[in-house]
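Student: I'd like a close look at one part of this structure, please. Could you walk me through it slowly?

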2 protein chains.
Amino acid sequence: MNFFEIFKKDNGSKARLGKIITSRNTIFTPVFMPVGTKATVKAVLNEQLEEMGCNIVLANLYHLYLSPGIGLIKKAGGLHKFSNWPNSILTDSGGFQVFSLSGIRKIMEKGVEFKSVIDGSVHFFTPEKVIQMQMLMGSDIMMMLDECSTFDASDEVINNAAKRTLKWAKLSIKELNKSDMNADSKLFGIVQGGFNKGLRKYCAEAISELDFSGIALGGLSVGEERSLTVEMINHTVNYVDTSKPLYVMGLGDPIGILEAIDCGIDMFDCVLPTRISRNGSAFTRSGKINIKNARFSDDFSPIDEMCMCYTCRNYSKSYIKHLYKNKEILSSILLSIHNLYFLFDLVRNCRLAIAKNNFADFKNEFIKNYENK
Amino acid sequence: MNFFEIFKKDNGSKARLGKIITSRNTIFTPVFMPVGTKATVKAVLNEQLEEMGCNIVLANLYHLYLSPGIGLIKKAGGLHKFSNWPNSILTDSGGFQVFSLSGIRKIMEKGVEFKSVIDGSVHFFTPEKVIQMQMLMGSDIMMMLDECSTFDASDEVINNAAKRTLKWAKLSIKELNKSDMNADSKLFGIVQGGFNKGLRKYCAEAISELDFSGIALGGLSVGEERSLTVEMINHTVNYVDTSKPLYVMGLGDPIGILEAIDCGIDMFDCVLPTRISRNGSAFTRSGKINIKNARFSDDFSPIDEMCMCYTCRNYSKSYIKHLYKNKEILSSILLSIHNLYFLFDLVRNCRLAIAKNNFADFKNEFIKNYENK
C-alpha cells in the first residue's frame, strides 16, 4: 500500500485530492491538522476532535522533550498511548521553536545548542537525534531538523540556513535508513530558502531527490504579506516532487488554506484556530468576529448560522460573550470547537469541490463572502 | 403530583430516599448539585454533566445579576435557554455572596445594599426583588434572601441576622403568593442561627411553619470543625418539617456528604469538586490526592482504578500531571469531570445503600478507606 496516493486533480487549478495511509488510519487530503504542541490540542477533548472528523494532530518534539521528556513518553508506551489519541500524529522536530523561542542558541554544523525555556539548562539537537526521539515517541510522520530564518534575515544568513538544512536532510535520511526501530514512522523533508526564489528552487529540487515520504515548505507565514506567501508556495511547488504529499508548515487561516490548496498543497497546520479562541475570536463565513464586541451582548443567534458544529448547534453569541467576559473556561472550549470545526469543514468542502472540478468557483465564492464582512 | 416524595427510609439512620419533581425532570435524592455560579459549571460541558447523570445544577442570582444582568437572561428566554441546560436549575439568592464578597454592604430591615465587585456601582436587594428576579430567570428552585453571619460573629449579630432572615422569609412567601408569574418556580426557606442551638431550633421551627417547598440549612460549612457542622445539622433536623426536602448549602466534600445524608439531608451543593480540579486535586476512594506530587510523574494508572468516569477510563495520572504542569486547560477539564463524577457516584451509591438498608455500613466502609490513605 502506498503511503500517499493522488486520485483526483482539479481541472482549473493545481489542487488535488489524495490520501495518506499511516499504520493508524487513512487521511484524506487536503487536510488541516490541529496543533497539540504539548500532546493536547488546547481546550478540546480527543473525542471532540474525532467527532469533528479530525484524524491527524501535530505534536512538538521540542516542547515534549523539555516536558515531560521523551524517556517518559517512551515509558508510557509512546505518544499515542500517553495522550490517548488513536489516530495519526505528526511531530515537528522543533527546529522552528529552537530558532524562534530560544533566546540563546548556537548553530553548529552538527546541530543546534539551545537553552531550556523552563530551567535554562543547555541541550543539543542533531538531525540524527531528533529522528531517534520522534521514533521513540512512535510518531507517524516525523519532520527533519531544519534551520529557519526570520523574515528580515540577510541573504547570507538565508543561504547558510538553507545549505545547512540540506546537509541535515541527507543526515536525516541516513539516520532513517540505519534505524530498524520503527518502520511505521515516515519522514518528511523541509524546503527552506527564505523569500529567495533561486534558493527555494535549489532547495526544492535537492529535497525532492532524497528519499523522503513527503515534502514540507518551511519558513513561510512568518510575518510576510499573504501575496508573497502564495507567490513563494506557487513558485516552490514547480520544483518539488509532486507525487509526494506537500505540506505548508504553520499556515491555517481560512484564505491561506484556500490559496495553498490552489497551489497543490495537501497538508496544513496552525495554532491559529485554538489561539484566537482563547482571545474571543471566531471564524464565520462572513469573516472573523470577536465575541467581545458590544453588539453581541443580546445576539442570541449562533456564531455562524450555517455552521453545524456543537457550539453553533447549542450556544448563542450572547452566552459565549458572557462566558468570555467572565473568564470562564467554557468560552475557550466552545470557541475552540467552533474554530477547529470551521477549518475542518472548509477543507472538507475543498475536497468536495476538487472532486466536482469546481474548486476555483468554491474558493472565489468563499473569499468573496469572507472578505465582504 | 407532589414536588417531593420520600419513598424509603434507612433502618439504621435518618437517611432517606426520595424524589423531587420539577417541571423539568425528576431528581432522585439524596442529590449532589454542582455549582454553575455564572451559568456554567466551570470547565465542563452540559453534555458531560448529563452523561454523568447530573440533572440539577446551581446558578447564582448575585453573580448573574451583575453580569450579564437579569434583563438579558429574561430576553434570552430564561436561564435554561441562555445556558442550554434542559434539566433543573436551583438559583441561590446571593445572600451569602452579598455578605461574604461585598466589601461594603449595608444591611437594612428592608434588604441589603451592596457595591458591585465589577464596577463599584451600588445595588439594593430585597426579599421581594430576589424572588422576582429568580422567577424572571425561570429558576426551578429559588432561594429566599437570607443574612449569613461569619463563624466568629457575636451572639447579638447572629441573633439579629436570624431574626431578620425570619422576617424576610415571611415577606418572601408573601411575594411568592402575590405573583402569578411562574408557578413552576418553587421557593425554599433558609434556617440560620449560627452555632447557637437554641436559635437554630427557633429558626427551624419558624421556617417550617411557613409554606416553603423545601428547607435549607444556611450558615454552615463556613470554617468550623466538621464535628460541629454535623452536630448542628443533626440538631436542626430535629426541628424542621422533614416531609420537605432538606438542603445543606455549600457542603460538598465526600465525608461531609455522607454525614449529612446520615442526618436526613437530601440536597447538597459545593464548588469544591470543580475548584480543587483547577488546583490539581482529585478525590479517590483512598483519599484526596494532588496530581502535582512527584510520584505521579511516571504513574500510568488512572486517578482511581475503580472509577468509571471518562477521565479514568481514558487518561493516566502521568498525563494529567503533565497537562497540569504545563498549565493546559485540559487538566482542569479532565479533573473536573473526574471529581464531579466521583461525587455523583458516591451519592448514587448512598441511594443504593439506603434502598438496601445498609447505609451505615456503606458510610463506615467509605470513610475507613478514604481516611486510611
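Student: Which residues does A:Phe188 touch, not counting residues up to four places away in sequence?

Tutor: Sure! First, this is a predicted model: local features need pLDDT of at least 70, side-chain atom pairs count only at pLDDT 80 or more, and totals for chains, interfaces and linings use all residues. Residues are numbered from 1 along each chain as its sequence is written, while chains are lettered from A and ligands numbered from 1 in the order in which they are written.

Now your residue. Leaving out residues up to four places away in sequence, A:Phe188 touches A:Ile141, A:Met142, A:Met143, A:Met144, A:Phe212, A:Ser213, A:Gly214, A:Ile215, A:Ala216 and A:Tyr247. Touching, or being in contact, means that the C-beta atoms of two residues, placed from the backbone, lie within 7 Å. The largest nonpolar core has 228 residues, and A:Phe188 and B:Phe188 are the ones that touch the most other members. Such a core is a set of buried Ala, Val, Leu, Ile, Met, Phe, Trp, Tyr and Cys residues joined through C-beta atoms within 7 Å. Buried means that 20 or more other C-beta atoms lie within 10 Å of a residue's own (12 or fewer is exposed, in between is partly exposed).

Let's look at a helix of chain A, too. Helices here are DSSP runs (H or I, at least four residues), numbered from the N terminus. Helix 6 of chain A covers residues 127-137, and its buried residues include A:Val130, A:Ile131 and A:Met133. A:Gly138 follows this helix, with a positive phi near 80 degrees.

How do the two chains fit together? A rotation of 180 degrees with 0.0 Å of shift along its axis puts chain A on chain B, with an RMSD of 0.0 Å. That's the relation of a two-fold axis. The superposition is by least squares on the C-alpha atoms of residues with pLDDT of at least 70 in both copies. In chain A, the C-alpha of A:Ile329 comes closest to that axis, at 3.8 Å.

At the interface, 29 residues of chain A are in contact with 29 residues of chain B. On chain A's side, helix 13 gives the largest share, five residues. The copies meet through the same surface, because 100% of chain A's interface residues are also interface residues in chain B.

Over in chain B, helix 13 (residues 317-325) is mostly covered, with eight of its nine residues buried. Those buried residues pack against helix 4 (79-83) of chain A together with helix 14 (329-355) of chain B. Just after helix 13 of chain B, B:Lys327 has a positive phi of about 55 degrees.

Conventions
Helices (H or I, at least four residues) and strands (E, at least two) are DSSP runs, numbered from the N terminus.
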